[in-house]
Amino acid sequence: MSEQYINKEGTAVINVARYLMTTYVNERLKTIDFLSEEFCVSVGFIQKALTTLESTGAVKLRKQGRNGTFIEYLNYKLLVKYAGFGHVVCAMPLPYTKHYEGIASGLKQQLGQLPLYFSHMRGANSRAECLQKGTYDIAIMSKLAAMTLGSDMKVVMELGRQSYSFEHRLIYRSGEFDSIRKVGVDPSSPDQKILTEKVFSHHDIEIVEINYNNCLMYLKSGQIDAVIWLPEVFDMKENGLSEYSLDHFPECHLASEAVMVVNKTSPHITVLLDRMLDNTQLLRHQQQVIIGEITPSY
């Protein structure tokens, strides 16, 4: 609900909860007067907000006389609730690889105490658009795709090479490499578009717009001759397909790196991820999903 429809006491609770989400345990609390001026509500409403948050267990404060008041304990799950966020939604790729399932499962493991939900969407452009509109709070995409975003988007975490996928390959019908003329590109995928432009920069080809989920159908039907995609998605040998390595292109490695992106107008989400996510633990969980040691749960 928009804050313009919430009374001043409710607005104070929301703003103070959002402020506390940006703090650390043992950090000194800003003064009541400072918070009153910053949030444009009375000192009394700020005091009531802190009392409410303390009474619910969202925060525990420790007064130290002239030295000020310090934060002794923070409950992020409750702070998210009182900050006015009924849920946190992460836009993910469609879960057709273990890499994507591993990220989702790892996020759920670490952020399970929050009301975290996933929206699985085809194409980084679609995920970025929803993030920009405020429909979602977090988006997962490749580092290459994130480099195409506007200045209102911010990368808050990089997971490293092959955290998003194995390296992309040029996939074509076996024995027909020299006769590639029509190449499929999904307009919603910056990775596919950029890599295709790099690979065929000096070749006369026809770009055919496709839905990348139907790559195999397009290849087998002859509607396209090749596509840059992930060989692990389907059985190459069974479908009479071959692959060509793109490892010599730096963009190929960038396309394999997963990043988390947020809207710059939502600094509380950035802080929340910084406080609650362990990069190393997330990657370890993902790897265990990939090799089959953990059944993904998200």
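Five bridges join strand S7 (residues 169–173) to S11, and the two strands run antiparallel. That pairing is a handy way into this structure, which is a predicted model. The protein chain holds 12 helices and 12 strands, and 50% of its 298 residues count as buried. Here is a friendly tour, topic by topic.

**The five-stranded sheet**
- Within the S7–S11 pairing, Arg173 has Leu241 of S11 as its bridge partner.
- These two strands belong to an open sheet of five strands, ordered S9-S8-S10-S7-S11, and the pairing in this sheet is mixed.
- Strand S9 (206–209) and strand S11 (241–245) form the edges, each pairing on one side only.
- On average, and with direction ignored, neighbouring strands of this sheet are turned by 35° against each other.

**Helix H8 on the sheet**
- Helix H8 (residues 190–199) packs on this sheet, where it touches strand S8 (182–185), S9 and strand S10 (226–229).
- The direction of H8 makes about 125° with that of S10.
- H8 is mostly covered, with seven of its 10 residues buried.
- Those buried residues are Pro190, Asp191, Gln192, Ile194, Leu195, Thr196 and Val199.
- Two of the residues in that list, Leu195 and Val199, also appear in a nonpolar core described below.

**A parallel strand pair with a helical crossover**
- Strand S3 (residues 88–92) and strand S4 (residues 116–120) pair in the parallel sense, over five bridges.
- Met92 has His120 of S4 as its bridge partner.
- Together with helix H5 (residues 98–111), S3 and S4 make a right-handed β-α-β unit.

**Nonpolar cores**
- In soluble globular proteins, nonpolar side chains tend to be buried together.
- The largest nonpolar core here has 51 residues, and Leu20, Leu107 and Met260 touch the most other members.
- Helix H1 (residues 8–21) gives the largest share of this core, seven residues.
- A second, separate core has 16 residues, including Leu195, Val199, Phe200 and Phe249.
- Leaving aside residues up to four places away in sequence, Leu107 touches Cys90, Gly112, Leu116, Phe118, Ile140, Met260, Leu277 and Leu282.
- Among these contacts of Leu107 is Met260, another of the residues that touch the most other members of the largest core.

**Helix H2 and its two sides**
- Which residues of helix H2 (residues 32–39) are buried? They are Leu35, Ser36 and Phe39.
- These three lie on the same side of H2 because they cover an arc of only 105° around the axis.
- Asp33 and Glu37, on the other side of H2, are exposed.
- The cover over the buried residues of H2 includes H1 and helix H3 (43–55).
- Cys40 follows H2 and has a positive phi, near 55°.

**The chain as a whole**
- The C-alpha trace of the protein chain spans about 80 × 40 × 30 Å along its principal axes.
- Counting contacts in the protein chain between residues at least 6 apart in sequence, 73% join residues at least 24 apart.

How values were computed. Residues are numbered from 1 along each chain as its sequence is written. This is a predicted model: local features need pLDDT of at least 70, side-chain atom pairs count only at pLDDT 80 or more; totals for chains, interfaces and linings use all residues. Side-chain values use heavy atoms; hydrogens and water are left out. Two strands pair if DSSP finds at least two bridges between them. Helices (H or I, at least four residues) and strands (E, at least two) are DSSP runs, numbered from the N terminus. Axes are lines fitted to C-alpha atoms, for helices over the stretch in contact, and angles run from 0 to 180 degrees between N-to-C directions. Contact means heavy atoms within 4.5 Å. A nonpolar core is a set of buried Ala, Val, Leu, Ile, Met, Phe, Trp, Tyr and Cys residues joined through side-chain atoms within 4.5 Å. Buried means under 20% relative accessible area, exposed over 50%, partly exposed in between (1.4 Å probe, protein chains only). A crossover is right-handed if, with the strands pointing away from the viewer, the path from the first strand over the helix to the second runs clockwise. The arc is that of the directions from the helix axis to the C-beta atoms.
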